[in-house]
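Q: I am new to this structure and would like a close look at a single part. Please take one helix, and then show me what surrounds it in the chain.

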Amino acid sequence: MTLKSQFNASYNASLVSPGVLRVESDGFYYSYDFNARLLVVRTSYTREAGPSVTPFSQLDRDSLITMRDKLVELGGKPPELPAEANVMPGKTQRLNP
């Protein structure tokens, strides 16, 4: 099953604004804000916990492309995703023990 068919089968997506896609699944609400480049996750299971916010730079690029395509399909006009960063193997910063 392709990622697109899985998406269409198990998620309910809606247009919030030209740059924001809301996806609902199993009591979780994912708001992909392509203007602010943030994913905001809320849940209906716990009222005490606030939303979780994750920058796009920490998300899987293929998933972001799929969500952006869905937003465009629904009539949104999100900005383009930034180009993928080129990182040479072994050149990433590491923690000092």
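A: What follows is a walk along one helix, then a look at the ring pairs and a strand hairpin.

The model is predicted. Start with helix H2, which covers residues 61-73. It has 13 residues. At 1.5 Å a residue, H2 should span 18 Å, and its end C-alpha atoms are 18 Å apart, so the two values agree.

Now look at which side chains of H2 are buried. They are Leu 64, Met 67, Arg 68, Lys 70 and Leu 71. These residues cover an arc of only 160 degrees around the axis, which means that they sit on the same side of H2. A general rule helps here. An α-helix has 3.6 residues a turn, so residues three or four places apart point the same way.

Two names in that buried group carry charge contacts. The structure holds two salt bridges. Side chains of opposite charge can pair when their charged atoms come close.

Take Arg 68. It forms a salt bridge with Glu 80, and the closest N and O atoms are 3.3 Å apart. This pair links distant parts of the chain: Arg 68 belongs to helix H2, while Glu 80 lies in the segment after H2, 12 residues apart. The two ends also sit in unlike settings. Arg 68 has 13% relative accessibility, so it counts as buried. Glu 80 has 60%, so it counts as exposed.

Next, take Lys 70. Its side chain meets that of Glu 73 in a salt bridge, 3.2 Å from N to O. Both residues are in helix H2. They are three residues apart, so about one helical turn separates them. Lys 70 is buried, because its relative accessible area is 14% and the limit is under 20%. Glu 73 counts as partly exposed, because its relative accessibility is 48%.

What comes after the helix? H2 is followed by Gly 75. The phi of Gly 75 is positive, near 105 degrees.

Now step back along the chain to the rings. The structure holds three aromatic pairs. One of them joins Phe 28 and Tyr 30. This pair is stacked, with 6.4 Å centre to centre and 25 degrees between the planes. Phe 28 is partly exposed, with a relative accessible area of 32%. Tyr 30 is also partly exposed, at 23% relative accessibility.

Another pair is Phe 34 with Phe 56. It is edge-to-face: the centres are 5.1 Å apart and the planes make 70 degrees. Phe 34 lies in the loop between strand E3 (28-33) and strand E4 (38-43). Phe 56 lies in the loop between strand E5 (52-55) and H2, so the pair ties together parts that are 22 residues apart in sequence. Both rings belong to buried residues. Phe 34 has a relative accessible area of 0%. Phe 56 is at 7% relative accessibility. Ring pairs also bring in Tyr 32, so that Tyr 32, Phe 34 and Phe 56 form a cluster.

Last, turn to the hairpin. Strand E1 (residues 12-17) and strand E2 (residues 20-25) run antiparallel, joined by five bridges. Two residues lie between E1 and E2 in this hairpin. Leu 15 has Leu 21 in E2 as its bridge partner.

To return to the helix: H2 has its buried residues on the same side. Among them, Arg 68 forms a salt bridge with Glu 80, and Lys 70 forms one with Glu 73.

Note on methods:
Residues are numbered from 1 along each chain as its sequence is written. This is a predicted model: local features need pLDDT of at least 70, side-chain atom pairs count only at pLDDT 80 or more; totals for chains, interfaces and linings use all residues. Side-chain values use heavy atoms; hydrogens and water are left out. Helices (H or I, at least four residues) and strands (E, at least two) are DSSP runs, numbered from the N terminus. The expected span of a helix is 1.5 Å times one less than its number of residues. Buried means under 20% relative accessible area, exposed over 50%, partly exposed in between (1.4 Å probe, protein chains only). The arc is that of the directions from the helix axis to the C-beta atoms. A salt bridge is a side-chain nitrogen of Lys or Arg within 4 Å of a carboxyl oxygen of Asp or Glu. Rings of Phe, Tyr and Trp (its six-membered ring) pair if their centres lie within 6.5 Å; planes under 30 degrees apart count as stacked, over 60 as edge-to-face and the rest as tilted. Two strands pair if DSSP finds at least two bridges between them.
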